[in-house]
Amino acid sequence: MKNVPLVHKTSKLQNKTLVFDFEGTLLRSTSLFPYFMLVSFEASGILRSLVLFLSYPLVWLVGEYQLGLKIMVFITFFGIKKDTFRIGTAVLPKFYLEDVGWEGFEAVMCCERKVASSKLPRIMVEGFLKDYLGVEAIIARDIKSFNGYFLGLFEKHKPTTSYDVKVLLTSKDNSIGIVGSHIEYIDQKLFPHYKKACFMLRSDERRNWRLLPRECYPKPLVFHDGRLAFKPTLISSLIMFMWLPLGLFLGIFRVIFGVSLPFNVSAPILAFSGTRSTVSWPQSSFFSTENQKNQKNMLYVCNHRTLLDPLYISHTINKPLSTVTYSLSRVMEIISPIRTTRLTRDKDRDRKSMDKMLSEGNLVVCPEGTTCREPYLLRFSPLFAELTDDIVPVAVDVKVSMFYGNTASGQKWLDAFFHYMNPNPVYIVKILERLPTSQTCQEGGKSCVEVANFVQNEIGKSLGFGCTNLTRKDKYMILAGNEGVLITAK
């Protein structure tokens, strides 16, 4: 059956207020379990998510949208600190966007003013609906809390107390379209004169919807947090729990023997255990074996995907390197086979420190200052351009299937372990052409900012990534609610 739009875009609808059911109108999947599994795993770890997984037969038996919903809410939220809960804005939006159906998205976005109803707790959907869809009011239930901790129980739902909803429904245009199949929490007394246009969508119909392409996202998805790299459906969660014992062993094994040993020893061990590396070099004679012997110290400038970037670059060029970091944990500093130095965010001190390290040998820097998972590059700090004209851009990318090896709000000392817990993590390293003298500060007369932007664009073109002006501070304010300053580290 050919997909047809639920609501046609017309100028008449631009001034209407649309009321829609979030799960029944936008999401292709029919189960709420994956979203509670994400919250359980990211907020409390493996144990709570395992309890939720084992409880699903009971949830299914009593009805996932009825008593089963309350069971999942209780298991997921009981005892979680309320003030620091940011999963609804930092983790879930990525998975919502990947589950949105194109047809439902077009229907919702045809109206300028929108009111959303959701069966999920407000704290799980409010950030996504307001930031990405421009929803002006949300009809959803809150979770009770006591002394700053969630109790895992729904508050009594009182939509009539919502000021935002009242304002929308008492405006001059009181014609409201309701789209979806699960409008349960809307008090009909609020809508004395609305025009009801209700589309009852079957679950099999939604599953046949097309995925919303990334280029059609309401705004670019640049930042997201959390460790899980996949949507934890019932089947994929089972696979994860079955993999964890072997994954934990592999993670420890790969870190001990892969990170701590010299490359000529660790490379075959990592390859035998399932890791993969893809390396490419430019055609320039500058990188020939004979020329490399006579080279002076080089500054390698790369984008930042995980804390292992400098290590893989050192392996690729087969030379000892030093690197500078903002927030590398003490654990990784101890086991790192290459020299690391912490930056202080004091420009003069950092410049002197980097200049000294470069005078002693090859240096690799990540001017983004933090990692970015999505196909985007953050703004490059121009400090590196002041050090030397001998600059080699390096493009880095990482492919994982189960766990992310970086985090904004989690335990950073576990980053390498999570990366190596993936069944077959892939590292892609592309050594680009040395920076031409015309694009340098000292010989080329370019400003530091121009050099930084040029390097960013070259790396972006090599990887097919978009270049942004976002910074480390932007990332941490969005994901963790702070400026990314590491006060203590293990």
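In this predicted model, residues 24 or more positions apart account for 75% of the contacts with a separation of 6 or more. The protein has 490 residues, and 53% of them count as buried. Its secondary structure comprises 19 helices and 15 strands. About 22,600 Å² is exposed by the protein. Carbon and sulfur atoms supply 56% of that area.

One nonpolar patch lies on the surface and is formed by Ile46, Leu50 and Leu54. Together these residues have about 250 Å² of accessible area. Leucine 50 is placed in helix α4, which covers residues 46-77. The relative accessibility of leucine 50 is 31%. Leucine 50 therefore counts as partly exposed, since that class runs between the buried limit of 20% and the exposed limit of 50%.

A charged residue in a loop was examined next. Aspartate 389 sits between strands β12 (376-377) and β13 (391-399). Aspartate 389 is buried, yet has no salt bridge. The nearest side chain of opposite charge belongs to arginine 434, at 7.6 Å. For a salt bridge, the side-chain nitrogen and the carboxyl oxygen must lie within 4 Å.

The surroundings of aspartate 389 include a backbone partner. Its side chain reaches the backbone nitrogen of glutamate 443 at 2.9 Å. Glutamate 443 also appears among the contacts of aspartate 389 beyond its neighbours within four places in sequence. The others in that set are Thr440, Cys441 and Gln442.

Key. Residues numbered from 1 in each chain as written. Predicted model: local features only at pLDDT ≥ 70, side-chain atom pairs only at ≥ 80, totals over all residues. Heavy atoms only, no water. Patch = residues over 30% accessible without salt bridge, like charges linked within 9 Å, V, L, I, M, F, W, Y side chains within 5 Å. Areas by Shrake-Rupley, 256 points an atom, 1.4 Å probe, with all protein chains shown as cover. Helix = DSSP H or I, 4+ residues; strand = E, 2+ residues; numbered from the N terminus. Buried < 20%, exposed > 50% of the residue type's maximum accessible area, 1.4 Å probe, protein only. Contact = heavy atoms within 4.5 Å. Lys, Arg positive; Asp, Glu negative; His and termini not counted. Polar contact = N/O pair within 3.5 Å; in protein donor to acceptor, adjacent residues only side chain to side chain.
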